[in-house]
Amino acid sequence: MPGFGAYCAAKFALEGLSEALAAEVAPFGVRVLIVEPGAFRTEFGGRRMHRSEPIDAYRVSTGTTRSFVDGMDGTQPGDPAKAAQAILRVLDDEPPLRLALGDDAKEAIRAHHETLREDLDRWEKLSRTTNL
């Protein structure tokens, strides 16, 4: 989300590390689970969250995100207790590499994948011209 670059960068780094780790430890029977939660009713976005001062020039790109986060504490749709139960449930089964939790997470991930697919399709011809 615009305005959450550092937060998203840390999550991307952890996801990449977890993907590599999953491949490295699979031969030993060790599995890795990447939990991708949506908005859960925790204090994320609440009064304890550090906020930088807004910069007027960035309101056009980050203002919507800032407003959303400022008003979301206590209104998030996800139940943390149900998330914990879902994680434990999937661990008792054959867990996937990624587990999306919450309708908002599932829809955001699906939309992101659709954008990736559209870019791949649109630029496929050019992409294929770079081999020796």
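**Figure 1. Glu 36 and the company it keeps in strand 1 of this predicted model.** Skip the neighbours within four places in sequence, and Glu 36 is in contact with Glu 15, Arg 98, Leu 99, Ala 100, Leu 101, Ala 105 and Ile 109. Glu 36 itself sits in strand 1. With a relative accessible area of 16%, Glu 36 falls under the 20% cut-off, so this acidic residue counts as buried.

**Figure 2. Glu 36 and Arg 98 joined by a salt bridge.** The closest N and O atoms of this pair are 3.5 Å apart. Glu 36 belongs to strand 1 and Arg 98 to strand 2, so the bridge ties together parts that are 62 residues apart in sequence. How accessible is Arg 98, the partner in strand 2? Its relative accessible area is 31%, which makes Arg 98 partly exposed, whereas Glu 36 is buried at 16%.

**Figure 3. Glu 94 and Arg 31, a salt bridge between two loops.** Here the side chains come to 2.7 Å, N to O. Glu 94 is in the loop between helix 3 (80-91) and strand 2 (98-101), while Arg 31 is in the loop between helix 1 and strand 1 (34-37), so the pair links parts that are 63 residues apart in sequence. Is Glu 94 buried or exposed? Glu 94 counts as exposed, because its relative accessibility of 58% is over the 50% cut-off. Arg 31, at 46%, counts as partly exposed.

**Figure 4. A salt bridge within helix 4: Arg 117 and Glu 114.** The two side chains meet at 2.6 Å, N to O. Arg 117 and Glu 114 are three residues apart in helix 4 (residues 103-122), so about one helical turn separates them. Why does that spacing suit a pairing along one helix? An α-helix has 3.6 residues a turn, so residues three or four places apart point the same way. Both partners are partly exposed: Arg 117 has a relative accessibility of 41%, and Glu 114 has 33%. Elsewhere, salt bridges with shared partners join Glu 15, Glu 19, Glu 36 and Arg 98 into one network. The structure holds eight salt bridges.

**Figure 5. Helix 3, from its start to its ends.** At the start of helix 3, a side-chain oxygen of Asp 79 reaches to within 2.9 Å of the backbone nitrogen of Ala 81. How does the span of helix 3 check out against its residue count? Twelve residues at 1.5 Å a residue should span 16 Å, and the end C-alpha atoms are 17 Å apart, so the two values agree.

**Figure 6. The largest nonpolar core.** Which residues make up this core? There are five: Phe 40, Ala 83, Val 90, Leu 99 and Leu 101. Helix 3 and strand 2 each supply at least two of the core residues. That fits a broader habit: in soluble globular proteins, nonpolar side chains tend to be buried together. Leu 99 is worth a click: leaving out residues up to four places away in sequence, Leu 99 touches Leu 33, Ile 34, Val 35, Glu 36, Ala 86, Ile 87 and Val 90.

**Figure 7. Leu 33, in the loop between helix 1 and strand 1.** Leu 33 is partly exposed, with a relative accessible area of 22%. Setting aside neighbours within four places in sequence, Leu 33 is in contact with Ile 87, Val 90, Leu 91, Pro 96, Leu 97, Arg 98 and Leu 99. One of these contacts spans a fair stretch of chain: Leu 33 and Ile 87 are 54 residues apart in sequence and 9.0 Å apart in space, C-alpha to C-alpha.

**Figure 8. Ser 18, a buried residue in helix 1.** Ser 18 is found in helix 1, which covers residues 5-25. Its relative accessible area is 13%, so Ser 18 counts as buried. Not counting residues up to four places away in sequence, Ser 18 touches Val 32 and Ile 34.

**Figure 9. Zooming back out to the whole protein.** Five helices and two strands make up the secondary structure, and along the sequence they follow the pattern α-β-α-α-β-α-α. Of the 132 residues, 17% are buried. Among contacts between residues at least 6 apart in sequence, 73% join residues at least 24 apart. The accessible surface comes to about 10400 Å², and 59% of that belongs to carbon and sulfur atoms.

Notes: Residues numbered from 1 in each chain as written. Predicted model: local features only at pLDDT ≥ 70, side-chain atom pairs only at ≥ 80, totals over all residues. Heavy atoms only, no water. Helix = DSSP H or I, 4+ residues; strand = E, 2+ residues; numbered from the N terminus. Buried < 20%, exposed > 50% of the residue type's maximum accessible area, 1.4 Å probe, protein only. Contact = heavy atoms within 4.5 Å. Salt bridge = Lys/Arg side-chain N within 4 Å of Asp/Glu carboxyl O. Expected span 1.5 Å × (residues − 1). Polar contact = N/O pair within 3.5 Å; in protein donor to acceptor, adjacent residues only side chain to side chain. Core = buried A, V, L, I, M, F, W, Y, C linked by side-chain atoms within 4.5 Å. Areas by Shrake-Rupley, 256 points an atom, 1.4 Å probe, with all protein chains shown as cover.
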